[in-house]
Amino acid sequence: MSFESELSQGKLCIPECTICKKIVWPPVKFCNHCFGTVSLKKGDFKGKIIEFSRENEEYFCLVEFENTIRVMAKILQIPKIDQIVKISKCGIVNGNYFFYVH
């Protein structure tokens, strides 16, 4: 089970060190703090909108998860700074990650 294989199935997993419990981002096999093995935490993670932008009628936002991971995501409704959101859809297209939040 790898981060990309889970993401390609529409599941966001959080990479965490099995030894020091540090979130490891970007996802790799070994912790960049203690060199421990990284495992994937599964869950329905909530994030917070840090910033957002609008292009035409689409909104894009920077969402922070676990006070560490930041991803760019599309959102269908008008976003607000500090709004709590969840991943509604994610995956990989042509080697690029994509995220939608609601």
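**Close-up 1. The second largest pocket of the predicted model has a volume of about 160 Å³.** Its lining comprises 14 residues, and those that lie nearest the pocket centre are G10, K11, L12, G43 and D44. Strand 6, spanning residues 84–93, supplies the largest share of this lining, with four residues. Sorted by class, the residues around the second largest pocket are six nonpolar, five charged and three polar.

**Close-up 2. The largest pocket of the predicted model encloses about 220 Å³ of space.** Its lining is formed by M1, S2, F3, E4, P15, P27, V28, K29, V38, S39, L40 and Y97. Two elements, helix 1 (3–8) and strand 2 (38–42), each give two or more residues to this lining. Strand 2 makes the largest contribution to the lining of the largest pocket, namely three residues. By class, eight of the residues lining the largest pocket are nonpolar, whereas two are polar and two are charged.

**Close-up 3. The surroundings of E16, a residue of strand 1, are shown in the predicted model.** Strand 1 covers residues 13–17. E16 is classed as buried because its relative accessibility is 15%, under the 20% limit for that class. When neighbours within four places in sequence are left aside, the contacts of E16 are K21, K22, I23, T37, V38, S39 and K41. Among these contacts of E16 are V38 and S39, which also appear in the lining of the largest pocket.

Key: Residues are numbered from 1 along each chain as its sequence is written. This is a predicted model: local features need pLDDT of at least 70, side-chain atom pairs count only at pLDDT 80 or more; totals for chains, interfaces and linings use all residues. Side-chain values use heavy atoms; hydrogens and water are left out. On a 1 Å grid over the protein atoms alone, a cavity is a set of points where a 1.4 Å probe fits but cannot get out, and a pocket is an open set with protein on both sides within 12 Å along at least five of seven lines; lining residues have an atom within 4 Å of a point. Grid points are joined across faces, edges and corners, and a volume is the space filled by probe spheres set on the points. Ala, Val, Leu, Ile, Met, Phe, Trp, Tyr, Cys and Pro count as nonpolar, Asp, Glu, Lys and Arg as charged, and the others, Gly among them, as polar. Buried means under 20% relative accessible area, exposed over 50%, partly exposed in between (1.4 Å probe, protein chains only). Contact means heavy atoms within 4.5 Å.
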